[in-house]
Every structure is written in structure tokens, then in C-alpha cells.
Amino acid sequence: MSTSATKALPAHVRAGTAPDAGWSLLVTPERAGWGFSGLRILELAAGGRSVVDTRDDEMIVLPLAGSCEVSCDDQPFALRGRESVFAAVTDFCYAPRGCRVELFSERGGRFAFPSARASRQLPARYGPAADVAVELRGAGSASRQVNNFCSPESFEADRLIAVEVLTPGGNWSSYPPHKHDEQREDESALEEIYYFEVSGDGPAYQRVYGSGPGREIELCAEVRTGDTVLIPHGYHGPSMAAPGYDLYYLNVMAGTGERVWRFSDDPAHAWIRGSWDGMAVDGRLPLTSASKSPEERL
């Protein structure tokens, strides 16, 4: 697939407004107006095929809905996938920079390609669903589930950091609001992408706001399935799941420095974390796991 030159994308990319060359969503560093983070979404009909050259990027092939067979420079991987992001934790595969990726889906599906501009060429690898660390974060109405499939602690990559977050209906996540737009001892500068899906075709909401001079940004948007929010800098959160509608988002991060996620809470709201002491995690969590058999997943 080839990319075409275009003006920088807006902070809130609505579903269907940023396709290119066969992708239903194409976010490259050039299209985003920054240096490292990227995301592609591919939708295939039954029997569909696609080919992508990773070039200067490292990528992960992550099934959102459906299964597929992937070849990375002729190294084969069979991804069992899942029925939807709300059905199970999925397996995935890592494709290094300078790699030709071929994908085939017998039944069709939707597949995410989180990516980062990379300097090292690591080996292509398979990531089993059972090895994905599922973390329950927060408490009470700020409870959420984080699938750490490509966090720095769980999976080796050059610059790419990617996780999935599931928030039960009525809860808030990415809370308290936080930022990671300065390279310093207690914070890492990371460009971030949020890709959303909402159960039952419901609404959800995302807040992003400036963190200081030169880092101005202002967004409070209703997001729906297929929407994407680009965060070059600033505080982000909360991500709000409307009652009755569970919220999923895929976070993609990358930056110039060490591959580590260090962040700073908005000082006005940092006290929230202390309020969770002794409070139970929402009993609806975890919403998904990797325990289902392949037959149950699809």
C-alpha cells in the first residue's frame, strides 16, 4: 500500500474521514504532523488479502474482529483473533521495519496496525493471547481493564508502546488527567493515538487540554466506534463511557527517548488517586480474557 501527501489530520478524526490506499484509517507521522506514532485500520471482506511494506516503521498486526494468516518476509503466523474487542483478549504478531507483510482472512475482519518509526530491526514474533498481561487499574467508577500486549514490560519493541483499555459503561478511565509531553526524569515525551470502539453503537467522550505555553490543545468530543483522537501534547482524560455502553480504546505511543511510559497527573486532580485506597475494583471487570477457546472466540 502507498501513502499520499495530505494536510495534517485534525485532533479528532471521525470514522471514515481519513482513509487512504485501502486503509479505512491511515495515521502516519507525516499525516499527524509529528515524528513517530502511527496507526492503520484495515477492513477485509471474506477471502480478502492485503500487503504492506513496513519500511521505516515497526508494526503489530492486531485483530479487532476476525482471524487471519500473516506472513512477515515469508515467516508465517496464524492469528486466531476474536469476534470483537469486547469478546476476548487477542493474539497478535510483530513485524519489524524493512519487512513485507502479507495478510489473508478467510472469513474477513477488521485489523489494527499500531506502528512507530524505528531505528532497530528486531525479529518478527508471535504474541499469544495467553501471554498478554491483563491489569485492573483504578477503583470504583474509575475502574478499567488494561491489556498490556505491547507495554515496555511485556513485549520487546524498538519505540512502539501499545495497550488496549476497556472501560465498563458509566465509568471513567485515563483518569485523573495526565500528560507525557516533556522529556525529563519523571516524564517521557510520547505522541499518543486513541482509537475507539463502543459497544451497542453508543457514544463515549474524550477530553484533551493544554499543559502550558506551546502545548495548547482543547478538545471535548463525543467519540463513536471508529473515531480516533491524536494527542501530540497536553493533559488527556477522562475517557468517559456512557452508562449502558462499554468503551474500548487502543492506545499507541512512541517518542524520541527511552521506551518507557512516565507521566504527570494534572496537579489539580492528582488527589483522586489517593481516594481509591480501600475502594474495590468494579466487579464487572475483567470484561475480557484469553481463556476462551478458538471456537468460542469466533
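**Briefing on salt bridges, nonpolar cores and cysteines**

R224 is partly exposed, with a relative accessibility of 33%. R224 belongs to a predicted model, and in this model R224 forms a salt bridge with E222. The structure holds 24 salt bridges, while a search of the whole structure finds zero disulfides. The points below take up the charged pairs, a nonpolar surface patch, the nonpolar cores and the cysteines in turn.

**Salt bridges**

- In the pair formed by R224 and E222, the closest N and O atoms are 3.0 Å apart. E222 is partly exposed, its relative accessible area being 35%.
- R207 is joined to E218 by a salt bridge whose closest N and O atoms lie 2.6 Å apart. Because R207 is part of strand 17 (residues 204–209) and E218 is part of strand 18 (residues 218–223), this pair ties together parts that are 11 residues apart in sequence.
- The partners of that bridge fall into separate accessibility classes: R207 is partly exposed at 23% relative accessibility, whereas E218 is exposed, with a relative accessible area of 59%.
- A salt bridge also links R284 to D282, with 2.8 Å between the closest N and O atoms. R284 counts as partly exposed at 41% relative accessibility, while D282 counts as buried at 14%.
- Salt bridges also form a network, which links K179, D181, E182, R184, D186, E187 and R215.

**Nonpolar surface patch**

- V134, L136 and V281 make a nonpolar surface patch of about 200 Å².
- One of these residues, V281, sits in the loop between strand 22 (264–265) and helix 2 (294–297). V281 is partly exposed, and its relative accessible area is 33%.

**Nonpolar cores**

- The largest nonpolar core has 35 residues, of which L39, L62, F149 and L250 touch the most other members. Strand 21 (residues 247–254) supplies the largest share of this core, namely four residues.
- A second, separate core consists of 20 residues, including L26, M59, L103 and F111.
- Which residues does L62 touch, not counting residues up to four places away in sequence? The contacts of L62 are R82, T90, F92, F111, A112, F149, E164, Y248 and L250.
- Two of the residues named in that list, F149 and L250, are also named with L62 among those touching the most other members of the largest core. F111, another contact of L62, is included in the second core.

**Cysteines**

- Why does C93 form no bond with C72? The sulfur of C72 is the closest cysteine sulfur to that of C93, but the distance is 4.5 Å, which is too far for a bond. A disulfide requires sulfur atoms within 2.5 Å.
- C99 likewise takes part in no disulfide, and its nearest cysteine sulfur, that of C72, is 4.5 Å away.
- C93 is buried, with a relative accessibility of 0%. C99 also counts as buried, at 4% relative accessibility.

Definitions and conventions: Residues are numbered from 1 along each chain as its sequence is written. This is a predicted model: local features need pLDDT of at least 70, side-chain atom pairs count only at pLDDT 80 or more; totals for chains, interfaces and linings use all residues. Side-chain values use heavy atoms; hydrogens and water are left out. A salt bridge is a side-chain nitrogen of Lys or Arg within 4 Å of a carboxyl oxygen of Asp or Glu. Helices (H or I, at least four residues) and strands (E, at least two) are DSSP runs, numbered from the N terminus. Buried means under 20% relative accessible area, exposed over 50%, partly exposed in between (1.4 Å probe, protein chains only). Patches are made of residues with over 30% relative accessible area and no salt bridge: like charges are joined within 9 Å, nonpolar side chains (Val, Leu, Ile, Met, Phe, Trp, Tyr) within 5 Å. Accessible areas come from the Shrake-Rupley method with a 1.4 Å probe; for residues, only the protein chains shown count as cover. A nonpolar core is a set of buried Ala, Val, Leu, Ile, Met, Phe, Trp, Tyr and Cys residues joined through side-chain atoms within 4.5 Å. Contact means heavy atoms within 4.5 Å.
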